[in-house]
Amino acid sequence: MAPTSSRENVAPAASAEPVPGPDLRELVAALEGSPAEQGLRERKKRARRAALIDAAQNLVAEHGLDAVTVEMISAEANVSPRTFFNYFESKDDAVLGAEDTGLPEDVIRTFVEGGPTGRLLSDLQVVVAALLAPAGEAHDRVMRAMDLMQQEPALLRRHVVWMDRHKSRLTELFEARRAVAPFATDAELLTMLVLLMLRTALVAWEHAGYTGNPADHLPDAVAQLIDVVSADLVP
């Protein structure tokens, strides 16, 4: 008798209905947590970032920039050096409190889509207000960073590098909007305009004794700009 093949001895598998996989949105929601949990995580991140800035500024003010290390800053802020690099590229950036992104995602998205008003100068004002927000929330840290830049030339050089990076990102932002809502103005000119509005608002805030928020002075800065331009348009 010929041996029976193994295939002939295996019972046919019962057909099963496919089990539906989890919805992608449900997975994302589960990973991100509730809005309250997301808000708590964000507050913890901001608090940890502020602690690193305070530690860096205090240590540099006491010991000088060259004597301070990332390990010293991390220990002072009760975090690991690995955590430090989740927030800053270098000790110089921590002293300066340099924001990596600078703009909230919703502000970027709205501007690129041609909003919120559809008028370029008005929408630029919204972008500048968002850039000014961290200064208003952390006045003391901004002032300490400016003082330390005067004492440590390396910090000033790093600030220039950071500003160049920021200008590049602004240019990318303008070009992304141009593709959706075309305009003729050169991106470099818009970048310089943003920097001018930032500077004008910050100086006005300083003259006002740092009361309120620097963005409160933006409407006057824009009004001065419009006045200069319109004066040349009068026949």
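Q: Given that pLDDT is the predictor's confidence in each residue, on a scale from 0 to 100, in which helices of this predicted model is confidence lowest and highest?
A: Confidence is lowest in helix H1 (residues 6-9), with a mean of 41, and highest in helix H4 (residues 70-76), at 97. For the protein as a whole the mean pLDDT is 82, with 81% of the residues reaching 70 or more.

Q: Why should residues 1-15 not be read in detail?
A: Over residues 1-15 the pLDDT stays under 50, and the model gives this stretch one contact beyond four places in sequence. Residues 18-22 also have a pLDDT below 50, with one contact in the model beyond near neighbours in sequence. Where pLDDT is low, the predicted coordinates should not be read in detail.

Q: Why is Ser-74 called buried?
A: Buried means under 20% relative accessible area, and Ser-74 has 0% relative accessibility, so Ser-74 counts as buried. The residue lies in helix H4 and, leaving aside residues up to four places away in sequence, touches Val-79, Ser-80, Pro-81 and Phe-84.

Q: Is Ile-53 in helix H3 buried or exposed, and how do you know?
A: The relative accessibility of Ile-53 is 5%, which is under the 20% cut-off, and therefore Ile-53 counts as buried. Beyond residues up to four places away in sequence, Ile-53 touches Phe-88, Ala-94, Gly-97 and Arg-141. The C-alpha atoms of Ile-53 and Ala-77 are separated by 8.8 Å, although these residues stand 24 residues apart along the chain.

Q: What describes the packing of H9 and H10, and which residues meet there?
A: Two packed helices are described by the angle between their axes and the distance between the axes. For H9 and H10 the angle is about 115°, and the axes are 5 Å apart. Leu-148, Met-149 and Gln-151 of H9 meet Pro-153, Leu-155, Leu-156 and His-159 of H10; by class, this contact has five nonpolar, two polar and no charged residues.

Q: What makes up the lining of the largest pocket, by class and by helix?
A: The largest pocket holds about 1,100 Å³ of space. It is lined by 36 residues, of which Ala-135, Val-142, His-159, Trp-162 and Leu-202 are the closest to its centre. By class, the lining has 23 nonpolar, six polar and seven charged residues. At least two lining residues come from each of helix H3 (35-63), helix H8 (120-137), helix H9 (139-151), helix H10 (153-180) and helix H11 (187-207).

Definitions and conventions: Residues are numbered from 1 along each chain as its sequence is written. This is a predicted model: local features need pLDDT of at least 70, side-chain atom pairs count only at pLDDT 80 or more; totals for chains, interfaces and linings use all residues. Side-chain values use heavy atoms; hydrogens and water are left out. On a 1 Å grid over the protein atoms alone, a cavity is a set of points where a 1.4 Å probe fits but cannot get out, and a pocket is an open set with protein on both sides within 12 Å along at least five of seven lines; lining residues have an atom within 4 Å of a point. Grid points are joined across faces, edges and corners, and a volume is the space filled by probe spheres set on the points. Helices (H or I, at least four residues) and strands (E, at least two) are DSSP runs, numbered from the N terminus. Ala, Val, Leu, Ile, Met, Phe, Trp, Tyr, Cys and Pro count as nonpolar, Asp, Glu, Lys and Arg as charged, and the others, Gly among them, as polar. Contact means heavy atoms within 4.5 Å. Axes are lines fitted to C-alpha atoms, for helices over the stretch in contact, and angles run from 0 to 180 degrees between N-to-C directions. Buried means under 20% relative accessible area, exposed over 50%, partly exposed in between (1.4 Å probe, protein chains only).
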